[in-house]
Amino acid sequence: MLPSQPLLHAAVFALAVLQALASDTFIAAVYEHAVILPDVTDEPVSPDDALALMNKNMDVLEGAIKEAAQQGAHIIVTPEDGIYGWHFTREAIYPYLEDIPDPAANWIPCTDPTRFAPAPVQERLSCMARNNSIYVVANMGDKKLCNSSDPGCPSDGRYQYNTDVVFDPEGKLVARYHKYNLFRRETQFNYPKEPEAITFETPFGKFGIFTCFDILFHEPAVVLVSELQVDTVLFPTAWMNVLPFLTAVEFHSAWAIGMGVNLLSANTHNISLAMTGSGLFTPEGPTAYHYDSGTEEGCLLLAELSARPRLSPTYPPAVNWSSYATSIKRFPGGKDTFLGAVRRDIFTFSELGHKTGNYTVCQGDLCCHLIYRMSNKSKDEVYVLGAFDGLHGSLIKYHWQICTLLKCKSTDLNTCGQPVETAQTKFEMFSLSGTFGTNYVFPEVLYSGVQLAPGEFEVLRDGRLKSKHGTSKPLITATLFGRLYEKDLPHPLRTSS
């Protein structure tokens, strides 16, 4: 007699758990999704039309989930806004929202869809996870009714949250996260009253989750890693790339290295809005990543990762980020420096006038030091050493300390800091360091064509970002991003509601 379907599913799930328990690694997947967008409107569409649009996107996501599962993935992360897109008013997004219960409810929507209010999106995501025996991470909208007894209740009587959900291989809802740091354009959503630090245990490590803009702030990002000691962070995002520093693959890889955790980053894909760049990032660098600003195609990435990277023999040692730069002799400087803008941030730059050099440039409390040797400097290219110590951002301001070796857009020094994607000059060696006032420093190297440099640089325990050999490709930037969270200004948009 053949086993019943529920018994067969339970046996498959139990076998998958045992296999994961027997291994110190797991296979992770992220999917960069070219979202099918609704028509822009200020008026709400019907619930049926909203669900039809979401099902079109979930058809694509389901195909990626099936493919990932067939390739052995234990978990897959899909992007922020991946189910319904963006450009909504508060009213227009309402038909796309569902009431997402607390995971403590112990709910499997796939097998018990009517337990709570109608939830066709959660039901379908749950079934994707259950039918493929894989953890599924998705981003959707949550709605919560409120009334006049709640002083923060919006005038329309509901809270609306940008929300991540996680379903386990049985289809059970195991995590729900409300985005805390909304980007300035997300006026359709409310801020949670308090930041949430969401974690859950799996057979392959302790996981945390947050969304896009959250990665730049202490709560919840640093809390999850430094205080709650997660092994892996799940990161749905809709990241608009900003060269020369804040490209998705560049900063997300740097963050994983600096924080010492795995980061599973799934971006939306929309080249007209400069949205691309997903990856599976580790404390040692990227294991797989994707950056495509030329086509409209989605992309599935898979890689085998350490389940508990802190226990890995290759886990990077602790770094004193200011040790080397504060110990060296100060070289003459200052008179040859000039100011240049990277977007709205005013950097202090010093031109690298020779093929070999030893430079120091300072701004505020930060001094950046560079030793370098170029191997084939192009006469048409100019590089600078730059320092920035101050508040970044137009409306929401947070404090950076940045040291960077940077290619200028042209030989005109006024172009230093403008976006650059290509270069011709390689370096035989470089060593970059700074007198950082923080332990939260994120290192990364970006090559021509917006390519990362895995395995080609190292971070020494005294805080130097150093090339291991020569650069294999022409260099755009080598950067140390420092974050002084304690100097951030209060968020101007977050209210008690």
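**Exercise 1.** Find the bridge partner of C403 in β24 and place this pair in its sheet.

*Solution.* Step 1: C403 has L480 as its bridge partner in β24. The model is predicted; local features need pLDDT of at least 70 and side-chain atom pairs count only at pLDDT 80 or more, while totals for chains, interfaces and linings use all residues. Residues are numbered from 1 along each chain as its sequence is written, and side-chain values use heavy atoms, with hydrogens and water left out.

Step 2: Strands β18 (residues 398–407) and β24 (residues 475–483) run antiparallel and are joined by 7 bridges. Strands (E, at least two residues) and helices (H or I, at least four) are DSSP runs, numbered from the N terminus; two strands pair if DSSP finds at least two bridges between them.

Step 3: The open sheet is formed by 7 strands in the order β13-β14-β17-β18-β24-β20-β21, with antiparallel pairing. Its edge strands, β13 (337–342) and β21 (451–452), each pair on one side only.

Step 4: Helix α5 (residues 248–259) lies across β18, β20 (441–447), β21 and β24, at about 140 degrees to β20. Here contact means heavy atoms within 4.5 Å. Axes are lines fitted to C-alpha atoms, for helices over the stretch in contact, and angles run from 0 to 180 degrees between N-to-C directions.

**Exercise 2.** Which strands pair with β16, and over how many bridges?

*Solution.* Step 1: Strand β15 (residues 356–363) runs antiparallel to β16 and is joined to it by 8 bridges. Y359 stands opposite L370 of β16. The hairpin of β15 and β16 has 2 residues between the strands, and G364 takes a positive phi near 60 degrees there.

Step 2: Strand β19 (residues 427–434) pairs with β16 over 7 bridges, in the antiparallel sense. H369 has S433 as its bridge partner in β19.

Step 3: Of the 9 residues of β16 (residues 366–374), 7 are buried, where buried means under 20% relative accessible area, exposed over 50%, and partly exposed in between (1.4 Å probe, protein chains only).

**Exercise 3.** Check the span of helix α3 against its expected value, then describe what follows the helix.

*Solution.* Step 1: The expected span is 1.5 Å times one less than the number of residues. For the 13 residues of α3 (residues 120–132) the expected span is therefore 18 Å, and the end C-alpha atoms are 18 Å apart, which agrees.

Step 2: α3 is mostly covered, with 10 of its 13 residues buried; among them are V121, L125, M128 and A129.

Step 3: S133 follows α3 and has a positive phi near 50 degrees. I134 is found in the loop between α3 and β3 (135–145). With a relative accessible area of 0%, I134 is buried. Leaving aside neighbours within four places in sequence, I134 is in contact with residues including I65, M128, A129 and F167.

**Exercise 4.** Is N181 buried or exposed, and which polar contact does its side chain make with another side chain?

*Solution.* Step 1: N181 lies in the loop between β5 (173–178) and β6 (199–202). N181 counts as buried because its relative accessibility is 2%.

Step 2: The side chain of N181 makes a polar contact with the side chain of D214 at 2.8 Å. A polar contact is a pair of N or O atoms within 3.5 Å; within protein, one must be able to donate a hydrogen and the other to accept it, and residues adjacent in sequence count only if both atoms are side-chain atoms.

Step 3: The N181 side chain also reaches the backbone oxygen of E219 at 2.9 Å.
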